[in-house]
Number of protein chains: 4
Amino acid sequence: MKKSNNKIWGGRFSSSTDQLMEEFNSSIQFDKILYIEDIEGSIAHSEMLSKQKIISKNELELIVSGLKQIELEISNSEFNFSLELEDIHMNIENRLIEIIGEAGKKLHTARSRNDQVATDIKLWLRKRIDQIELNLKSLQRTLIEKSEIYYDLLMPGYTHLQVGQPVTFGHHLLAYVEMLGRDRDRLGDCRKRLNELPLGSAALAGTSYPIDRHFVAQKLNFSKPTENSMDAVSDRDFAIEFMSVSSLIAIHLSRLAEELVIWSSDSFNFVKLSESYTTGSSIMPQKRNPDAAELIRAKPGRIFGNLLNLMTVLKGLPMTYGKDMQEDKQPIFDTAKTIDSCILNMEGMVKSLEPIPDKMMEALQKGFPTATDLADYLVTELKIPFRDAHHLTGQVVMLAEKKESNLENLTIEEIKTIIPNAEITILDILKIESSVSKRTSYGGTAPVNVLQAVKKAKERFLKD
Amino acid sequence: MKKSNNKIWGGRFSSSTDQLMEEFNSSIQFDKILYIEDIEGSIAHSEMLSKQKIISKNELELIVSGLKQIELEISNSEFNFSLELEDIHMNIENRLIEIIGEAGKKLHTARSRNDQVATDIKLWLRKRIDQIELNLKSLQRTLIEKSEIYYDLLMPGYTHLQVGQPVTFGHHLLAYVEMLGRDRDRLGDCRKRLNELPLGSAALAGTSYPIDRHFVAQKLNFSKPTENSMDAVSDRDFAIEFMSVSSLIAIHLSRLAEELVIWSSDSFNFVKLSESYTTGSSIMPQKRNPDAAELIRAKPGRIFGNLLNLMTVLKGLPMTYGKDMQEDKQPIFDTAKTIDSCILNMEGMVKSLEPIPDKMMEALQKGFPTATDLADYLVTELKIPFRDAHHLTGQVVMLAEKKESNLENLTIEEIKTIIPNAEITILDILKIESSVSKRTSYGGTAPVNVLQAVKKAKERFLKD
Amino acid sequence: MKKSNNKIWGGRFSSSTDQLMEEFNSSIQFDKILYIEDIEGSIAHSEMLSKQKIISKNELELIVSGLKQIELEISNSEFNFSLELEDIHMNIENRLIEIIGEAGKKLHTARSRNDQVATDIKLWLRKRIDQIELNLKSLQRTLIEKSEIYYDLLMPGYTHLQVGQPVTFGHHLLAYVEMLGRDRDRLGDCRKRLNELPLGSAALAGTSYPIDRHFVAQKLNFSKPTENSMDAVSDRDFAIEFMSVSSLIAIHLSRLAEELVIWSSDSFNFVKLSESYTTGSSIMPQKRNPDAAELIRAKPGRIFGNLLNLMTVLKGLPMTYGKDMQEDKQPIFDTAKTIDSCILNMEGMVKSLEPIPDKMMEALQKGFPTATDLADYLVTELKIPFRDAHHLTGQVVMLAEKKESNLENLTIEEIKTIIPNAEITILDILKIESSVSKRTSYGGTAPVNVLQAVKKAKERFLKD
Amino acid sequence: MKKSNNKIWGGRFSSSTDQLMEEFNSSIQFDKILYIEDIEGSIAHSEMLSKQKIISKNELELIVSGLKQIELEISNSEFNFSLELEDIHMNIENRLIEIIGEAGKKLHTARSRNDQVATDIKLWLRKRIDQIELNLKSLQRTLIEKSEIYYDLLMPGYTHLQVGQPVTFGHHLLAYVEMLGRDRDRLGDCRKRLNELPLGSAALAGTSYPIDRHFVAQKLNFSKPTENSMDAVSDRDFAIEFMSVSSLIAIHLSRLAEELVIWSSDSFNFVKLSESYTTGSSIMPQKRNPDAAELIRAKPGRIFGNLLNLMTVLKGLPMTYGKDMQEDKQPIFDTAKTIDSCILNMEGMVKSLEPIPDKMMEALQKGFPTATDLADYLVTELKIPFRDAHHLTGQVVMLAEKKESNLENLTIEEIKTIIPNAEITILDILKIESSVSKRTSYGGTAPVNVLQAVKKAKERFLKD
């Protein structure tokens, strides 16, 4: 067994790390993903050290060229990652010393792994947020384009999975555009708060070296340095906030995914999903399963789990850095990857799906969807108070049900048995087409509204 | 058993609701808390109906006076809530009809419970957010005031609950001011997104009545009406976002609470908590238990539970409204109440706690907290690269440990056995006081920095 | 402000509890539900104290009669609960001293609230577990009875919500009987582990009084006293295990609830839910919404939240009792209540639902559900390896789809274009009825199997 | 783009799977871990097929030898896993056909991936449960051995992290032995319920082949075949139950871990952790951080997250198999691995830790831990009712606190100012040593009890 004092931090240690512990303790297996950001941060840090005369120009050049060589080695899979060196930071620093010698030992001046890792994760996450935001925008575009095409395609609007009132397919899809719009807004707020530089907080108390944190912040495109060194190294708000926002994205996508599963069931049959997003069965040769939709429906479990994981870890953790916080990485990495896959697959599915108008109309015939229109008519035309109108309409529905008819096919005589002063114009009210076209209130489903909403959505969400 | 068609929605029903089901289904037990907001929303709605000539001026007056009477009845506990009437909306509407007759039946024109309940919750939650935000500000003020008093009180700064470097008590408390500052920021963003009016979306599709949603939005201080009627009635993002933000607040408070528990333990003894926030034991007469701190430490469990509850409910729920969504209320109500109690009790505890400087200093003596200063000295003065300096310092610590000494009490001769060219000035470096005063980097713990940070914090957080 | 030293534990306290803190700290608002168990435990405890001569016979009698009076006062709502007295234990003890004087002060001898509250909760929870177990059995009975009636009613068996193979309605319902059987088994295991008596562990270390814990265990029907006093007062495993088991029950019920929602949708229309378990809409007069099913579908969110709440609280909590543990009660109480309501409402719904055989058969026609039978036929009769048979069958399905036919209606000529050596008997294979009756493998869906399974289920689950 | 009808299930498909979707949909990246169990299950399945004359002896031999070759290829990393083939089942079946030709196409006769994957996971998890159970036993052994050595080492027993009463270190450690004992019990119950064979349930409805499921069950050491084919393929109870049990294990370990972190802090200093389980700092050369303990403290977050993940996925999922259920694997795999690491590292830490008796005694001096003994003495000797005795003792504590003395050092005169009839023997009562030795109630901390408990624990937990 090797002595721990071979380790970079091992000056005071006289015996070795247990093998089991080494594996348990190391993060290099998963944090190597941060190598680009770690090098990016180290370069900005050394430029500052040089500007402040803490290291020489020559040392800076050596460090930068060494780090760039390492970046190349890693991206070419020529780098030997060592478990014993624990994490990406120590792996890179150690290799740097191998390559450039003494100057490499100066890189860690005026910083600690505590502020370094917080900086690395922020840099990494900032890129992912930007990517996710772009992908959300692209999914919005796809939804908006479908909405425009199907702005007047009639389908049932559901509450409780019971037919409620007719809506248009375009109107339905635009609801998701709204949700994703809020998600993008939340991502932006999260990015804004994340965007402060921890580096220079050192272990926890700041440092006595004459560093320039504003310079580093600018180099790395942070809006400013963090204000309190203890907060800076113990803060993982940004990770939790990112996973909270991701949870909502995942929920929104899962709702649409559930609808796709239901709509593509044999009984609904409202949409045909592309074969590119469905798969077969190993035993039942006829199956075309909506696997992509089901996976997207399931993924919130994973994101919630990741969120809960890190929240649990941070709950009641005394300041400042504790090793517990190493558990932040895998949930963040997995969440970013999962959300991205969900968005991209959803976009593919939506783009390639085909609505089946006949089936949508067939379903509309079943659910008495114009009952509300009838009640509203009684209010407007016959001056019956809404509550009474609602009650009378309920009785008309009972009648239709008993006759196994839909509302449109009731005769005026039949209706008069319940509403004696009903007039013949009442039959128009019961038509599905007229129901939709009248719902012109702001945000309503009338096709003319939907077209306007499409136009507005393009302005609000798709600019540049 | 009564027929369901006595119910307001019972026109088409021929038999009755099961007793068990009635209890299971009703929300009046907990949603009566919304009565003020329900009435507020109904008044704005009827004013709009009247302005748009959908009801008459006279009817409006009747409705408003009836609703005001009901508000009084409820606040005076003279209102008979009925389980059979399911929820606060139906309880109020039913009573209104009792009081004012036919005009009451017109209140529900051009709206549905779906858009009504979304509006009520938003109104209620907006008030709670404003209150929580104020309380957070007040807690920040208390922390800032303590920081100002103790800007130079020395205590150990911990990582891994091991003494790391000396910091000041003021600096430590200011870290929490930063956290709470981000929390307030998040609350503000949440409020901004919440602040769109669902009312007028009706059941899900909008309405054919000539309503004016912008008028109602203005009356109720919403920034604008929601854009899509289906989204409006199925959206609970605001509730999830509120509970996500609350989770972070709860985490921050629980971290400070954990520190208070540890600091007030007999072995640390860094602070004396007021008897007003501690309690005794039923069996052990000597106990003074930090109950308030422990409860605050525990409460994140509750908030996480509430958050996960609603996230689970909404995951994979097809549009638009499903009864599942009734499960939104208790988590929201409980979260708002819990967070408020935690903030207020934390403020009381912080305000009344007394630090015990001697004990803090005693703890500082134990942990070799100036080892980093020694390493930095070797870098700056003896031009030893940081990695080597770190290693040599580790050996000095081992020496001190072997001699059961702290670093300050080592002799120059002892140090020279490890660092041959050490000079006598090295002994100053090992003093705790000098360690802190040198950490003047931006965000660092030097007392002069802390005083500046206090000043800046007042500007950033306490302005109104 | 009153001094805390008026409090039962206040001997060493010189100032008072803050008002806010008092409210935050008290549990009497919710733990009064434990009064019967608290009194039950106190009586057993005093009987033991008397048997062991720690108190006199006379004191025992006074205590018992005092406690019984208190029980009556509480059940008659004549008891004044005091927030200042914190919890049910202190409220009762204090009142006991009021009623019987000095002897009352001896009740707390040789115990602490720590072992007392653990005992109370176990007593309470044991009763609830027994009740839930009974209710589950009753729900199983209802499901088994329905299965017996509909042992050969054909319906689609789904994977991915796509028609897979025909099954019988009885077979489908029996799957839930299996799930609930495992749930009952888990409840039993939980009860077994819970059933050890904490009382007599005192604060944490045991006591020096000559108590007899086995006597108390026997009196209260515990299998034995707990083995380690520190474990006894800090253990809440039983609560977490109960909520874990409840989570699975809730999941099982939610799956059936989701099926009921889908089956009662207008497009599936497989079942008619009783009006007793559906409700109407405030705006759409035609609606009959499956509210009970939706609520049951939603409730896992609540149970998961409760479970995660307590798990989060106990994670990383040092021994022994911490005030954090007071947060155990509300999740336990709410979980027991919720699970009970879900089971009872599910039973009501299942009992009163009516399947609609025509619609089930109609759906079966759509999904090519006998494709697997065709593939199996090719294997058995034409000796084609399964993988090839699967592939050929897939092509037959494509053919049928192209012709907008179902499999049954293909002609032998059409089939021969893909399977040249197909014989006329192949047409029988494609009939739905024959598909089901052939699935006689153990656990399979053939009606004859289902009848046997019903019989066996009665033996396994419904005995006394 | 390749056609999907190259896929094993692709007979009816005319276009291809999207690249993005392929990656999203495949599980081979993580389910290859199941290869041994998949092959084990396939061999048992084919043996049955041969016994039942569904395949020939010769085909059986080919299949078995082919599968064994594949097992070798995989374990030697010579197997080409293909994303396009989705999962371990299809990868192996496809390779089998490559190796042995036609006979390979018969392997999938009378089964489906649905029953196959359930069988694989159960086989895999059963092994892990057995391993975890063994490791828990080993950790119990280590704790029991430490308890035996330190059966009378005095330390503070805490409630609320405040010194409560003296206990022995052995007694404290035995509390964890109890917790882990319950955990092993729960694992056993979970294993018992898991141990039923799904294979032979086929897709969902059973099969028409004359299979013998009892034979396969016996071959694979399952107690019996599952009773209902639909339940069998949609059931993941065992996975959730395993993760629930693991959550409790993780909680127990995290509580001990938190104690180790606190005990090894500079201010407590109760134990010295081995350098093998601590690490250094990259910047602070003096640090020895309890990283292993912190990681174990953090891991419940991960396990809770995994549990919540799968519970969320299964909530409200209609029968039978849905692709959502593919999300079961990673949480299960990760949980098993994490729990194992936690147990092993905890055992290493406990085995190598050294208590520091002086520091434990020093802490005991601070907290007036014999106050309860004094109160009990007043009850027993001076016949003062417990409540009054508690109150008087509280005042003695206040006196000691004011004099900055501990209880042992008060004079009899001082005590008499509060308890006039106190006798000189009262001073013995206040000694820590006598406090512990008197706590001989069942489960109490008296050293004589602890020794007995050690002996009993060996019988209960370490027998094989």
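**Exercise 1. How do chains C and A meet?**

Find how many residues each of the two chains brings to the contact, and how much area is buried there.

*Solution.* Step 1: count the residues. Chain C puts 47 residues into the contact, and chain A puts in 47 residues. Keep in mind as you work that this is a predicted model.

Step 2: look at the area. Between them, chain C and chain A bury about 3900 Å², and carbon and sulfur atoms account for 53% of it. On the chain C side, Asp266(C), Pro285(C) and Gln286(C) lose the most area to chain A, together 17% of what that side buries.

Step 3: look for polar links. Two salt bridges are counted between chain C and chain A. Glu401(A) and Arg288(C) join their side chains in a salt bridge, with N and O 3.5 Å apart. That pair qualifies because a salt bridge needs the nitrogen within 4 Å of the carboxyl oxygen. The count of residue pairs in polar contact is 13 between these chains, with both residues at pLDDT 80 or more.

Step 4: ask which elements take part. Those of chain C that give two or more residues to the side touching chain A include strand E1 (154–159), strand E2 (162–168) and helix H10 (237–263). H15(C) gives the most to that side, with seven residues. Sorted by class, the residues on this side of chain C are 19 nonpolar, 18 polar and ten charged.

**Exercise 2. Now try chains B and A**

Work out what the contact between chain B and chain A is made of, starting from its residues.

*Solution.* Step 1: residues again. Here 116 residues come from chain B and 116 residues from chain A.

Step 2: the area. About 9600 Å² is buried between chain B and chain A, 56% of it on carbon and sulfur atoms. Within chain B, the residues that lose the most area to chain A are Arg255(B), Arg387(B) and Tyr442(B), together 9% of what that side buries.

Step 3: the polar side of the story. Chain B and chain A share 22 salt bridges. One of them pairs Glu93(B) with Arg387(A), whose closest N and O atoms are 2.5 Å apart. Across this interface there are also 59 residue pairs in polar contact, both residues being at pLDDT 80 or more. The side of chain B that touches chain A holds 41 nonpolar, 41 polar and 34 charged residues.

**Exercise 3. Find the symmetry**

What turn and what shift along the axis lay chain B on chain A?

*Solution.* Step 1: superpose the copies. A turn of 180° with a shift of 0.0 Å along the axis lays chain B on chain A, with an RMSD of 0.1 Å.

Step 2: interpret the turn. The two copies are therefore related as by a two-fold rotation axis. In chain B, Ser244(B) has the C-alpha nearest the axis, at 3.2 Å from it. The copies use the same surface, since 100% of the contact residues of chain B recur in chain A.

Step 3: repeat with chain C. Chain C is laid on chain A by a turn of 180° and a shift of 0.0 Å along the axis, with an RMSD of 0.0 Å. Because 100% of the interface residues of chain C are also interface residues in chain A, these copies meet through the same surface.

**Exercise 4. Buried or partly exposed?**

Is Gln140(C) buried or exposed, and is Lys431(B) buried or partly exposed?

*Solution.* Step 1: Gln140(C) sits in helix H6 (residues 113–149) of chain C. Its relative accessibility is 0%, so Gln140(C) counts as buried, the cut-off being under 20%. The side chain of Gln140(C) makes a polar contact of 2.6 Å with the side chain of Arg184(C). Beyond its neighbours within four places in sequence, Gln140(C) is in contact with residues including Val177(C), Leu180(C) and Phe461(C).

Step 2: Lys431(B) is in the loop between helix H17 (426–429) and helix H18 (432–438) of chain B. With 36% relative accessibility, Lys431(B) counts as partly exposed. Leaving aside neighbours within four places in sequence, Lys431(B) is in contact with Thr370(B) and Glu408(B).

Step 3: for extra practice, take Leu378(C), in helix H14 of chain C. Leu378(C) counts as buried because its relative accessibility is 0%. Among the residues Leu378(C) touches, not counting those up to four places away in sequence, are Ile384(C), Leu392(C) and Ile419(C).

Notes
Residues are numbered from 1 along each chain as its sequence is written. Chains are lettered from A and ligands numbered from 1 in the order in which they are written. This is a predicted model: local features need pLDDT of at least 70, side-chain atom pairs count only at pLDDT 80 or more; totals for chains, interfaces and linings use all residues. Side-chain values use heavy atoms; hydrogens and water are left out. Contact means heavy atoms within 4.5 Å. Buried area is the accessible area (1.4 Å probe) that two parts lose on being put together, summed over both. A polar contact is a pair of N or O atoms within 3.5 Å; within protein, one must be able to donate a hydrogen and the other to accept it, and residues adjacent in sequence count only if both atoms are side-chain atoms. Ala, Val, Leu, Ile, Met, Phe, Trp, Tyr, Cys and Pro count as nonpolar, Asp, Glu, Lys and Arg as charged, and the others, Gly among them, as polar. Helices (H or I, at least four residues) and strands (E, at least two) are DSSP runs, numbered from the N terminus. Copies are superposed by least squares on the C-alpha atoms of residues with pLDDT of at least 70 in both. Buried means under 20% relative accessible area, exposed over 50%, partly exposed in between (1.4 Å probe, protein chains only).
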